Structures are given as C-alpha cells and as structure tokens.
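This report is meant for someone meeting the structure for the first time. It takes up the links between side chains and then turns to one helix and its surroundings.

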Amino acid sequence: MRLRTLTLAAASGTALLAAGLLPAHASAAASPKSAQEGTVSAADLLAKVTSCSQISSGKYRTDEEASATVPVCGKNGAVFWKADMDIDCDGQRTTNCNENRDPWYQDDTAFHQSDGKPLKAETLPYVVVPSTSSIWNYSSAGIKGGGVVAVIYNNKVEYAVVGDTGPTQIIGEASYATAKALGIDPDPATGGADSGVTYILFKNSQVSPIESHSAAVTLGDKLAKQFLAGN
C-alpha cells in the first residue's frame, strides 16, 4: 500500500502525455479483460448506493495531502465507499510490479494465496482496505481477507477480493489488475483515477481459493443479485 500524494497525482497528467513514447509493459500472465463482469449492471448497483448511512466513526482521506471526506457506508449485506483509485502493486514480483516500476513496492500482502505466497497484484484483482483504527474496523463489519468486492467505474463492474490493508486514515486503492480491467491507467507510480470509483464489499463473503478470479466473479455475481433484492 502506498501513500500517493497530490503532487504525484498531478504529475500523472504529464506522464500520460508521454505514454505514447514509452514501450508497453505487457504481462505474460492472463489478466481480466476490460469489460463488464457478471450479469448485474453498474447502473443497477449504483442505484442502490446513492445515499450513505455512515458506519465509520470518522471519514477517510483519499490521499496523504487530501482532506478527510470519505465515509464508510452501510447497506443490507454490504458496506461501500466512493473514492479514488490508487494503484497497489505489492506482493509477488512480476513484470510490472517490482522495485523498479513501483517506488513504494513491498513484496508482501496482508492476505496470502492458498499456497502461502503473497498475492500477485499484476494479475489478481484485489482491493485494499484501511487497517483497523478508531475510524473503522473492517473485520467487525463482516469484511475479511478474500471477501468479494464489486468495483464500479465508468459503467463497468469488476469483481475483486479484499487482498491487502493500508494506512489507517486513507481509503481508495486497488491492485494493478483491478485498474487495468476497468480501463484505468495501472501504472503504480503515475496511474490511478482521481475520483469516480465505487467499492461495494459484501459482508461475510470469502473466495476460496483467494487467488481464483473466476471464483470471485461467480460468487460476486450471486451476491450482487442478493444485494439488489435486499436493498
């Protein structure tokens, strides 16, 4: 989990202008396509999270230098927040997630694969939750490692798992693979989205094994339908 500052976010615009001059960094491993996953539309899910019943004791910042404006909201069967997306490249070293590509790279994640290894941010869609603090305790809200998350951006739905924890006062981060699938620049140093990302975390859910994206999509689609019916 990195603390992306507003300075870096501003710099990303310049980096994007130069992107056409840079070589592509394609992964040899299969990553999720940039498309709607499951059968529940982004519009239907967003229609259920138009208002917030705040369950966090306070609010979170989206970046180190930002004001605290993001609450964690509660719904029947889920919690959600609306924020930005910083790029998490932590876990196993890959072509695009390593010390050379990511200034904040760490070789571990809070939750691990079924074989005990860290998760692989480049190919596994996962979401970062804030570490437990006086603001909010994710585990007390029924959120656990491997829990299913519907990540919504630009009318697309991507299913991810809870894969890592981050700073206690910052929210809005997901893995390289999550961003790429949603059409967000996944560069760990300059990419991400400044706003417009909705994260819906389904309570008491768990994908097994955590590294199976297809299992996350299957369970996520089922839980999304339940979420629509119950709210």
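Are D187 and R101 buried or exposed? Both D187 and R101 are buried, and this answer is read from a predicted model, as is everything that follows.

**Salt bridges**

D187 and R101 are a useful place to begin, since the two form a salt bridge in which the closest N and O atoms are 3.7 Å apart. The pair links distant parts of the chain, with D187 in the loop between α3 (176–181) and β7 and R101 in the loop between β2 and β3, 86 residues apart.

A search of the whole structure finds four salt bridges, and two others among them involve R93. One of these joins R93 to E99, with 2.7 Å between the closest N and O atoms, and in the other the side chains of R93 and D107 meet at 3.8 Å, N to O. Because R93 and D107 each lie in the loop between β2 and β3 (126–130), their bridge ties together parts that are 14 residues apart in sequence. Through shared partners, the salt bridges join R93, E99 and D107 into one network. Within this network, E99 is partly exposed, with a relative accessible area of 44%, and D107 likewise counts as partly exposed, at 45% relative accessibility.

**Disulfides**

The structure also holds two disulfides, and when the bonded cysteines are counted along the chain, they follow the pattern 1-2, 3-4. The table sets out their values.

| Disulfide | S to S | Angle about the S-S bond | Handedness |
|---|---|---|---|
| C52 and C73 | 2.0 Å | -100° | left-handed |
| C89 and C97 | 1.9 Å | -65° | left-handed |

What does the disulfide of C52 and C73 tie together? C52 lies in the loop between α2 (42–47) and β1 (73–75), whereas C73 lies in strand β1, so the pair ties together parts that are 21 residues apart in sequence. The two ends of this link also sit in unlike surroundings, since C52 counts as partly exposed at 40% relative accessibility, while C73, at 3% relative accessibility, counts as buried. In the link of C89 and C97, by contrast, both cysteines are buried.

**Aromatic pairs**

How many aromatic pairs does a search of the whole structure find? The search finds three. In one of them, the rings of W81 and Y199 have their centres 5.9 Å apart and their planes at 35°; an angle that is neither under 30 degrees nor over 60 falls in the remaining class, so this pair is tilted. W81 lies in strand β2 (residues 78–88) and Y199 in strand β7 (residues 193–202), so their contact ties together parts that are 118 residues apart in sequence. W81 counts as buried, at 0% relative accessibility, and Y199 counts as buried with a value of 0% as well.

Another aromatic pair is that of F202 and F227, which is edge-to-face, with 6.0 Å from centre to centre and 75° between the planes. Since F202 lies in strand β7 and F227 in helix α4 (residues 213–230), this pair ties together parts that are 25 residues apart in sequence. Here too the side chains are covered: F202 counts as buried at 3% relative accessibility, and F227 is buried with a relative accessible area of 3%. Ring pairs also link W81, W136 and Y199 into a cluster.

**Helix α4**

F227 leads on to the helix that carries it, α4. At 1.5 Å a residue, the 18 residues of α4 should span 26 Å, and the end C-alpha atoms of α4 are 25 Å apart, which agrees.

Which residues of α4 are buried? They are H213, A216, V217, G220, D221, L223, A224 and F227. An α-helix has 3.6 residues a turn, so residues three or four places apart point the same way. The buried residues of α4 are covered by parts that include α2, β1, β2, β4 (148–153), β5 (156–166) and β7.

Several elements named earlier therefore return in this last list: β1 is the strand that holds C73, β2 is the strand that holds W81, and β7 is the strand that holds F202, the ring partner of F227.

Key: Residues are numbered from 1 along each chain as its sequence is written. This is a predicted model: local features need pLDDT of at least 70, side-chain atom pairs count only at pLDDT 80 or more; totals for chains, interfaces and linings use all residues. Side-chain values use heavy atoms; hydrogens and water are left out. A disulfide is a pair of cysteine sulfur atoms within 2.5 Å. Helices (H or I, at least four residues) and strands (E, at least two) are DSSP runs, numbered from the N terminus. Buried means under 20% relative accessible area, exposed over 50%, partly exposed in between (1.4 Å probe, protein chains only). Rings of Phe, Tyr and Trp (its six-membered ring) pair if their centres lie within 6.5 Å; planes under 30 degrees apart count as stacked, over 60 as edge-to-face and the rest as tilted. The expected span of a helix is 1.5 Å times one less than its number of residues. Contact means heavy atoms within 4.5 Å.
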